[in-house]
Structure formats: C-alpha cells, structure tokens
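Here are some notes for when you open this one for the first time. Have the sequence and the 3D view side by side as you read.

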Amino acid sequence: MKVFESLNCFLCKKPFARIANQPRSPRILNCGLAVCHECFEMEKAKSLATNFVAHLVGSYLFGNVRKHHCNYTCCYSNPNFAYYLIDILSQEESLVLAPTKDGYVLEKPFQIPECPVCHDEYSITVEAKKSIILACNHAICTECALNLRELNPNEVNGENKYIITCPLCTKGTDTKVDKAKDPFQDFLAELPKMVNQLESMRGAPTCAECDKKYIVDEMLRCVDCKTEICAMCVFRNHRSHKACPLLGEKAGEMFETLKSDSRDAINTYKNLFPELHKELLDDISKFETSLLLKEEALKDASTFIDLEDKHKSFATLKTHFENTAEKYLPCLRKFNTEIKEMIETLDKVVCCV
C-alpha cells in the first residue's frame, strides 16, 4: 500500500506526529526538506561540531557525520515547526496510519487546505494558487504573497527588497525565499494517486485474521483454509499451508463475469439487427410493390390535370422514401465505422499487453 512520502521524515522515513513539540513533529530545513523534530535536533548538533574537539565529541555522541548535506547555510537555524504540515495532518478522519505504520494513507476524501488570506484552495497547476512557505512556516498562496509584500525598510544591498508579514503570526519574511523543495506542493502532487488508491480500497478485502483492510495486490488466499488473509498473517500462522495471490483469483472471477456480460451485450444486437433488417427489407419490398401497383393508376387518368395530380402524389411518396433512407444510412455507416474503430482499439491493446 502506497503512503504519503511527503508526510514522512526525509531522514528517518518515519511518519510525522500530528501536533507540535513531539519527537516526530515536522520541522523544515532552510533548503525546504521536511524532517522530524528528533532528526532535526540530531543533525543540528552534528552541524555545530565545527572544530576538531567539538567534532570528536559530536562524533562520539551522535555518530560520524550528518545524514543531510546541502549548499544552504544555517540549514538548521529555523526554530519553527512546520505548521502547514501539521494543518494537513489535523484531518484525522481523512488521513490515517497505514496498517504497516510506515506512513499515512487516505481513509476518507481529503479537504485541500485553503490560503488563510483569500480562502482559495491551494493548487499545483494554477501558479497564483501555489503555496509560499514563510519564515514562520505558515503558508499563503503566491497571489496573496505578492499582494501582501511591502518594501523592506532594513534592506541595504537590494537582495531582499520586499518583506511579507505573516497574516497568522505577524512575523516578517523577506522575499528571498528560494527553497529547493516544498513539502506542501509535494503533498498536493501525491494527492491524486492517493485518491485513486482510496477509490480502489472501497470494498477492499479484509484479512480474516487481523481484520485489517488491504488492497487486493497485498492479499493472499489460503487454499487449505479457504480464507483471504494478508501476507503477515500467512507468515505467522499459515506457513505450512498453500497460499496463492488473491489478485490472480480476482482476475479470473472478473474475467469470467466480464466475458459473460460482453457476450450477452453483443449477442443481443447480433440477434436484433438481422430481425430488424429482415423486417425492414420486407417492408421496403411491400412498399415497392404497393407503389408500383398504385402508379398503374396513371394509365387510367381521365384528364391531364388528374394525371399530373396522381404523378405528383406518387413522386412525393418516392421522394419521401429516398429522404427517409438517406437519414437512416449515415447512422448505419457511422455505426459500422465506430465498430471498426473499436476493433482497431482492441488490436492496439492486445499489442501493448
């Protein structure tokens, strides 16, 4: 089961806590990477071991070297927790820990967070609605960041010309925010795939022993016990039994059902069209016989005016028949064309398998 990588610590790969001031609470490095509070402090202590003696002490206490290196100076200087990630994690009914406890998955539809200024949802496709992470680790959208920026009165070298005051905590942020990564945007980028996984989990099988839901790909069927169980329960309690992937069994069931439905749908029209066409051809023949017979009345016209009236009447019926046929033929040709296109599509699918 896939989990949100953006909600796991970049260093230890463990899921973040939902609140601040916990060992697993999210912190942000100056380069934009999200790490847990515990890893943040460990790496910070290692980064402070600058002289030889301090390096030896740091190596003795914390290991030889830092796990993370980048070109950003003071990478561990940000004292704030990642409040925007904590805001995401606050949706406890939507985001839950996976059965394996290695990360978060969607349990229910997720409400995309809104900018606290304009209250529009953040986006990864609309530039104006992409998130901007301020120095205080609160987030606002790009459009509001541009609207809120003011001239920086303390700027002397021109690098940080503007400053943005956070609408939540009033802390100032210079506009020289150049982070290599934005975990918030990473989360939004992961969201569509996780929504698809949520949809696939609806009606997902439940392990008969641990009573947890898993996607079909991760489930097995114990042939001896005739039960659907997860891989962990197979390892614990069914190692001496024969187990086969549930995916193969489900594929067989779905194939048989789909094959039956497809055959029924196609046969319905295969049987219907010949009957309709036979009836149609019979009616056309009847119309032809009747029209030609009636047209014999032209020979019995009493006057030229009577002849013209009868001719006009029969000619009108003939024209009406032609117009009706011309309305029917495009539909028949279109149906025939679309059938051929569907055959070509199937041929391509087969070639890709």
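The points below go from the whole chain to single pairs of residues.

1. Before anything else: this is a predicted model. The protein chain holds eight helices and 12 strands. Of its 353 residues, 29% count as buried. The chain exposes about 23000 Å², and carbon and sulfur atoms supply 58% of that area.

2. How much of the contact pattern joins residues that are well apart in sequence? Taking contacts between residues at least 6 apart, 50% join residues at least 24 apart. For one pair to look up, try K193 and F4: they are 189 residues apart along the chain, yet their C-alpha atoms are separated by 9.8 Å. K193 belongs to helix α5, residues 183–201. Its relative accessible area is 60%, so K193 counts as exposed.

3. Next, a sheet. Three strands make up an open sheet in the order β11-β10-β12, and their pairing is antiparallel. Which strands stand at the edges? They are β11 (227–230) and β12 (243–245); each has a single partner strand, so one side of each lacks a neighbour in the sheet. On average, and ignoring direction, neighbouring strands here are turned by 40° against each other.

4. Look at the β10 and β11 pair in more detail. Strand β10 covers residues 219–222, and four bridges join it to the antiparallel β11. M219 has C230 as its bridge partner in β11, while R221 has E228. The two strands form a hairpin with four residues between them. In the turn, K226 has a positive phi of about 55°.

5. What lies across this sheet? Helix α7, residues 246–295, lies across β10, β11 and β12, and runs at about 60° to β12. There is also a charged group to find: salt bridges link R221, E228, E249 and K250 in a network. Two members of that network, R221 and E228, are the bridge partners from the previous point.

6. On to salt bridges in general. Side chains of opposite charge can pair when their charged atoms come close. The count for this model is 14 salt bridges. Three of the pairs deserve a visit, and they come next.

7. R24 and E38 meet through their side chains in a salt bridge, at 3.2 Å from N to O. R24 sits in the segment before β1 (26–28) and E38 in helix α1 (residues 37–47), so that distant parts of the chain, 14 residues apart, are linked by this pair. Is R24 buried or exposed? Its relative accessible area is 18%, and a residue is buried when this is under 20%, so R24 counts as buried. E38, at 41%, is partly exposed.

8. R27 and E41 form another salt bridge, also given as 3.2 Å from N to O. Here R27 is in strand β1 and E41 in helix α1, so the pair ties together parts 14 residues apart in sequence. R27 is buried, at 4% relative accessibility. E41 is partly exposed, at 32%.

9. K108 and E93 are the third pair, with a salt bridge at 3.9 Å from N to O. Where do the two residues sit? K108 is in the loop between β4 (104–106) and β5 (131–133), and E93 is in the loop between α3 (83–89) and β3 (95–97), so parts 15 residues apart in sequence are tied together. K108 is partly exposed, with a relative accessible area of 42%. E93 is exposed, at 59%.

10. Finally, switch to a surface view. Which residues make the nonpolar patch of about 700 Å²? They are Y269, L272, F273, L276, F335, I339, M342 and I343. Helices α7 and α8 (304–352) are the elements that give two or more residues to this patch. M342 is a handy one to click on: it is in helix α8, and with a relative accessible area of 48% it counts as partly exposed. Helix α7 thus turns up again, having been met in point 5 as the helix lying across β10, β11 and β12.

How values were computed
Residues are numbered from 1 along each chain as its sequence is written. This is a predicted model: local features need pLDDT of at least 70, side-chain atom pairs count only at pLDDT 80 or more; totals for chains, interfaces and linings use all residues. Side-chain values use heavy atoms; hydrogens and water are left out. A salt bridge is a side-chain nitrogen of Lys or Arg within 4 Å of a carboxyl oxygen of Asp or Glu. Buried means under 20% relative accessible area, exposed over 50%, partly exposed in between (1.4 Å probe, protein chains only). Two strands pair if DSSP finds at least two bridges between them. Axes are lines fitted to C-alpha atoms, for helices over the stretch in contact, and angles run from 0 to 180 degrees between N-to-C directions. Contact means heavy atoms within 4.5 Å. Patches are made of residues with over 30% relative accessible area and no salt bridge: like charges are joined within 9 Å, nonpolar side chains (Val, Leu, Ile, Met, Phe, Trp, Tyr) within 5 Å. Accessible areas come from the Shrake-Rupley method with a 1.4 Å probe; for residues, only the protein chains shown count as cover.
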